[in-house]
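Biologist: Please take a close look at one part of this model for me. I would like to follow a single helix and the neighbours that pack on it.

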Amino acid sequence: MRTKLESYKAALILFIFLPILLSGTTIPHTSAQSSPSRNGTSTVQVSIVGTIDPSYDVFDLNLPLLVNISIHSTSAPLATNQTILFVLSFVPNSAGAIVHFANGSSTPTVILASSGVGGSSKAFQFNLPAGSTGFDANIQGIQFGAALLFRDAIRMPTFGIENFQNATVSQNTTIVTRPGNLITESFDFVGHSTPLPSIVQKGASNVTFSVPSGVYFIVMQSHLFFPASVAVTLVAAIFLILLALGLFARSRKVFDPLWNRFVGVLSSLRPLASKMSIQDKVRQPHRASLARTMLIMFITCAILMIAIAAIAGPDPQTKVYVIATPSQANLIHKNLLPIRSNLQMITPAQDFSDFAVMSSVGDFNIAVISSFPTVNLPEVSYFVLPNLGNVPVIVVDNTSDPLFATQVSALYTNRVIHVANAANLSSSDVRRISIALNAATGQKNPFGVQIGGTSFKLVVVIEAGFSFLLVFLGWSALGLYAAEANNENSLQRLALMIALGVFVFYFSETTYVLTSSLLRFPLSLHAVISGAKSITAVGYLGFGGGSTPRLLAGAVGILFGSFIGGWNSRFSKRGFGIMIAIIVLIIANPFLLGQLAFQGILLYAGGMTIGTAYSSALTFKQFLYTIGSGVGGNVSPVYLMSAGKILAFAGLVPLAFLNKMPKITASFTVLFCAIAVGVGGIRVGEMTPTKTVIAVVPGLMSGLIFALILLLIALLEKYLVSSRVVSVQ
Amino acid sequence: MRRFPVAELVSIVIALLGLYTMVTTSPLPLSLSDLPVIIFLLFGPGYSVLRLFSESYGPLQMALFSVFVSLALLLGVVAVGHVTTGILILPIRIVLPVLAFIFLGLDYIRTRSRKERIGVLLTSG
């Protein structure tokens, strides 16, 4: 009986697993990748050639890489018409294709921009008619890389093909450049190192590198870079040694009077100091009044920005956000012109991830939802759909995605106007939209002031300039308060730094939000797509979202304030000299440390995520997020955490302990805090106050941990100084 | 009249609470309350760090900032554990008392050597 049962069990197991065992041997041979060639379906050969003339500038985010993509496809005659989608990492200047038929004839066809969707990829489509046996296509365009610290970082152009069933795609990528240029680093999509591209052809005028599959970023440098960087590194090392030996003492006699004169000029700007009583002047060190003056200037700058925006705003243009293909969008724009002649169209190609912020400051008057490729809709819809409630008028036409249209209609019933085709509005549609638009409130200046488009642009540019000045003044005041002479204990200083730092951040963000709302035009944005210049105030200055200059304004503000406040008492000139020499040593050297520094700077200044610096930044972010999670972060999507904002508040805390630090550690702390506050302070322009709410406490906690580490370093310095190992004078 | 050594007394209480916190991790079937553990985690690590600053604080200032520093240390230990392993692996009830003992020990050594120096000065004077 038992044997019979076991044999049944064995039979059952065999019955269940036999198909799996068999399929295990057959699956690889019937996969979509291998079958087409045997079944006579499509093969696609793609050749991507990128041509670059390296610039090796100190900083340039618009380094052009000319891209030429040739596509050759063969297939069995198609039974039905087929629309193929090319997904590219750049916008082509020209694109065309020739379709081949079984009878040997060929027909040229047009490749249409399918969406012009923003973000990293752009989709283009063309139709393969029934009976065609293949095609040859050619696409040309420009992709932009970044030049930084005399090296060029280039993102590889990518090509994808969709809606082409059972196609086997083979792809080869080459980079053509002038002789004398080397590819020294290469990385995959997530920033891991990959095998370097190898030279496949070397001519008198150009060199061709073959790029292995999986390579997504490359770093190029001149063959002169290595010897030059070794030379600079050696000079920095010699300088460092001489500095440590105290051989530059005489130079201070020249430098110090110059610095004191500079500080004297700044001190003369203190209007309040002159009004203080003699007793007050005796009681308070003069730096304190300079810090206060800086704080007053910060608040004045904020009020001035708000006042200008209140009087000159809102933007006289009517803004329409159009979710449609580029050709459709242009037609929609023309159809809306009879309603408002002064009309600016913004599309997802310019920005969709910042739709929430743009719409929350009243940037858009109308949103039009029309035909948009289904493949690109989810990423746009994710950002747009929850925030359409900020737009007073929403026009949905019958060519739009049915599911998306239904969702919009269900969520925003009272705002939606249904039309047959937004690119061909009837007179009744125009009237309905016009009435809805006129009924929307808050579109006019409350003081009855009206300015034209050109004057408004001038106002916007002035506001953009003030937005950087505001950040600089706020953090300068903080630096001054941190470095000024005082007799408070560390905890009193900590309370002051927290109060002042949180105030500066919040008041800056308040000013950004208020100014943008009054202008109905965002001063800046966090993740604005590069090249979108007319959608932010700082964009008119050529800064896109304005992150990098805001970083500099914040970092320079802290350094400026700290140096003015404590140059003669708080910091060691030799310490700074040593640190500058060390920074040059780190950045200029051509070895691993230099590469890491390059990757780190590229991450923040160029937005390129490569190498160990990227993975380290992710680990650091994880550290901040874990601390944030412990104190209420990410409980709900409303209070989403921002590592940048946490970092800004973390940078405040070590400044409170400058009193307890010897000179070299104090100098290093100020540099560290300037970078942390600068990098984090970028997020003032993100205009997401809910993220600020949840970032303050995790930031202060993280800052306290950094402060404890810096205090340990301070202890080490004290020990070394007391042992006369180093001198800091 | 000699001043009552409040600081030393608080240090001893913190050390005892730290010991208690460590004991609660014992595999022995002890039914120990977590209330002293909470008190230790709230004040202990922060107090021991603030002692090292060798500054004079008022009782309220000391208490408030002890909580602030304790929470920072607690979160730091949790975050380091998460970053290195992806999960909470560092036992807080061991790590934080050990840190507190180290800081209190350093403070004790420093205070004693300072007293000895003063004693030598007084004797030689």
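**Helix α21 of chain A and its partners**

Modeller: α20(A) and α21(A) lie roughly antiparallel to each other, because the angle between them is over 145 degrees. That angle is about 155 degrees, and the two axes are 8 Å apart. Keep in mind that this is a predicted model. Helix α20 of chain A covers residues 663–681, and helix α21 of chain A covers residues 689–722. The crossing of α20(A) past α21(A) is right-handed.

Which residues make this contact? From α20(A) come A:I664, A:T665 and A:T669. From α21(A) come A:L710, A:I713, A:A714 and A:E717. Sort the residues of this contact by class and you get 4 nonpolar, 2 polar and 1 charged. The charged one is A:E717, since Glu counts as charged. The polar ones are A:T665 and A:T669 of α20(A).

Now take another partner of the helix. Helix α18 of chain A, residues 611–630, also packs with α21(A). Here the angle is about 120 degrees, with the axes 9 Å apart. α18(A) is therefore oblique to α21(A). Why oblique? An angle of about 120 degrees falls outside the 65 to 115 range for roughly perpendicular, and it is not over 145, so the pair counts as oblique. The crossing of α18(A) past α21(A) is right-handed.

The residues that meet are easy to find. Look for A:L624, A:I627 and A:G628 in α18(A). Across from them in α21(A) are A:P698, A:M701 and A:S702. This contact has 4 nonpolar and 2 polar residues, and no charged ones. The polar pair is A:G628 and A:S702, since Gly is counted among the polar residues.

Step back to the whole chain. Chain A has 21 helices and 20 strands. Of its 729 residues, 42% are buried. Take the contacts in chain A between residues at least 6 apart in sequence: 78% of them join residues at least 24 apart.

Last, turn to where the chains touch. Chain B gives 16 residues to the contact and chain A gives 15. On the side of chain B that touches chain A, the largest share comes from helix α3 of chain B, residues 59–85, with 12 residues. By class, that side of chain B has 12 nonpolar, 3 polar and 1 charged residues.

Note on methods. Residues are numbered from 1 along each chain as its sequence is written. Chains are lettered from A and ligands numbered from 1 in the order in which they are written. This is a predicted model: local features need pLDDT of at least 70, side-chain atom pairs count only at pLDDT 80 or more; totals for chains, interfaces and linings use all residues. Axes are lines fitted to C-alpha atoms, for helices over the stretch in contact, and angles run from 0 to 180 degrees between N-to-C directions. Helices (H or I, at least four residues) and strands (E, at least two) are DSSP runs, numbered from the N terminus. Angles under 35 degrees count as roughly parallel, over 145 as roughly antiparallel, 65 to 115 as roughly perpendicular and the rest as oblique. A crossing is left-handed if the near helix is turned anticlockwise from the far one by less than a right angle, and right-handed if clockwise. Two residues are in contact if their C-beta atoms, placed from the backbone, lie within 7 Å. A residue is buried if 20 or more other C-beta atoms lie within 10 Å of its own, exposed if 12 or fewer, and partly exposed in between; C-beta atoms are placed from the backbone.
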